[in-house]
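Thank you all for making the time this morning. I would like to walk you through one model, slowly, with the sequence and the coordinates open beside us.

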Amino acid sequence: MRCTFEAIREDTPGARWQALFQLRWPAYQQWFLRDGYRARPSYLAGRRALRQHMPELSGLYQQLCELAGGGDLEARFLLQWCPPSYITGCSQAVWLDPTGQEGPVLARNYDYAPALLEGSWLATRWLGRQVLVMSDCLWGALDGINEDGLAVSLSFGGRTAVGEGFGIPLVLRYLLEAASNTAEAIAILQRLPVHMTYNISLLDQHSHWATVFVAPDRPAEVVHRPAVANHQHGVEWQAHARATLSEEREWMLSQGVRKAEHADDVVRTLLRPPLFQTAYGRGYGTLYTAAYHPHTLMAELLWPDMRWPQYCLDVQEGVLNVRFDANHSL
């Protein structure tokens, strides 16, 4: 199995994003319609929700719709209002440098099926602020950092509850476009409706950090847990936790953060099993490790034997092919 990661720079929506949409749309369309056309909310319902909850994105959304062809289905997909459910794994951690020499780091593993990875490392100035994200749903984010030094990432929260709200990738995009620090991001998460349960890690340039538990059926909760996997206060979906080793991964990562003397110590913990998972043949494994350094605005994608660094304000375009198998040979 091979995945292609591509770093793309495009300050304003244009030909590069349009080509990306055309390439990925057939697979996303199949996913979006998996429960039938009528299972998804109408364009008007989603448009009202976007204007109410994320008004800053309205003009950008309209530009992207036009680049996507302006069709009803494409417009509904891009709204990400009550999308189909999606379940990932993932582990994430915040480490604060006790010496002040390196600065803090937000590091995470993204665990998912290789065939479903978008793989676009997208650098934009869509609303004037420089943002670098691992893209999902074509304008959402799995993790990322902005020019103010706010870094964010997500992991699935381990519950089956589904409700009325936005898909989490668009929520993370909104955080990076609209917030400059952890406090502002928390305020946004406390008011936004989300359609499934997730754990959001936040870290800013002032070393302020938080973990926010969000869900469709209960208020957002701010906790200070430096390492999280795929449950919140306790395991609620036993089968998922057992299959993904959620408790074991969280314990190991917590120990790694506690003992770490350098940011790379946290990264090395993430690159070891059971945190680094290799069940690619069963559609589940670690596709990349990301590390975000708010003090220097550096971002890195990492694997056991390679790393790809970028600087948020000066992203260098390029392509990296990564091959996955049971032994993670590259």
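**The largest pocket**

Let me begin with the largest pocket, which is lined by 22 residues, and among these Y28, W31, Y112, L116 and D136 lie nearest its centre. Please keep in mind throughout that this is a predicted model. The volume of the largest pocket comes to about 400 Å³. If you ask which elements supply at least two residues each to its lining, they are helix α1, residues 15-32, strand β3, and helix α5, residues 168-178. Of the contributors, α1 gives the most, with four residues.

Strand β3 leads us into the sheet, so to speak, and I will stay with it for a while. Six strands make up an open, antiparallel sheet, and their order across it is β11-β2-β3-β12-β13-β14. Its edges are β11, at 227-228, and β14, at 306-311, each of which pairs on one side only.

Within that order, β3 has β2 on one side and β12 on the other. Five bridges connect β2 with β3, the two running antiparallel, and seven bridges connect β3, residues 105-112, with β12, residues 285-293, again antiparallel. A107 is a good residue to click on here, since A93 stands opposite A107 on one hand, while on the other its bridge partner in β12 is A291. Further along β3, Y110 has Y288 as its bridge partner in β12.

How many of the eight residues of β3 are buried? The answer is eight of eight, and the strand is mostly covered. In a regular strand, side chains alternate between the two faces of the sheet. In β3, V105, A107, N109 and D111 point one way, whereas L106, R108, Y110 and Y112 point the other way, and all of them are buried. I would draw your attention to the charged and polar names in that list, namely N109, D111 and R108, which are buried along with the rest.

Two helices lie across this sheet. Helix α8, residues 246-259, crosses β2 (91-95), β3 and β11, and runs at about 20° to β2. Helix α9, residues 263-270, lies across β2, β3, β12, β13 (298-303) and β14, and its direction is at about 10° to β3.

**The core and a buried loop residue**

The largest nonpolar core has 110 residues, and the ones with the most contacts inside it are I200 and Y288. Y288 we have already met, as the partner of Y110. For I200, leaving aside residues up to four places away in sequence, the residues touched are Q92, S153, L154, I168, L172, L175, L189, A210, T211, V212 and V214.

Next, a residue in a loop: A68 sits between α3 (58-67) and α4 (72-79). Is A68 buried or exposed? Its relative accessible area is 9%, and because buried means under 20%, A68 counts as buried. Its contacts, again leaving aside residues up to four places away in sequence, are W17, F21, E74 and L78. A68 and Q18 are 50 residues apart along the chain, yet their C-alpha atoms are separated by 6.4 Å.

**A cavity and some backbone details**

Rolling a probe the size of a water molecule over the atoms shows where empty space is left. The structure holds one cavity of 30 Å³ or more, and the largest cavity contains about 30 Å³ of space. Its lining consists of F32, R40, P41, S42, G46, R76, L79 and W81.

Finally, there are three places where I would look at the backbone with some care. The peptide bond from P273 to P274 is cis, with omega near 5°, and P274 is found in the loop between α9 and β12. Q80, in the loop between α4 and β2, has a phi near 55°, a positive value in a residue other than glycine. L245, in the loop between α7 (238-244) and α8, likewise is not a glycine and has a positive phi of about 55°.

How do Q80 and L245 stand as to burial? With 1% relative accessibility Q80 is counted as buried, whereas L245, at 30%, is partly exposed, because that class lies between 20% and 50%.

Terms used
Residues numbered from 1 in each chain as written. Predicted model: local features only at pLDDT ≥ 70, side-chain atom pairs only at ≥ 80, totals over all residues. Heavy atoms only, no water. Pairing = 2+ DSSP bridges. Contact = heavy atoms within 4.5 Å. Axes fitted to C-alpha atoms, helices over the stretch in contact; angles between N-to-C directions. Core = buried A, V, L, I, M, F, W, Y, C linked by side-chain atoms within 4.5 Å. Buried < 20%, exposed > 50% of the residue type's maximum accessible area, 1.4 Å probe, protein only. 1 Å grid on protein atoms, 1.4 Å probe; cavity = no way out; pocket = protein on both sides within 12 Å on 5 of 7 lines; lining within 4 Å. Points joined across faces, edges and corners; volume = space filled by probe spheres on them.
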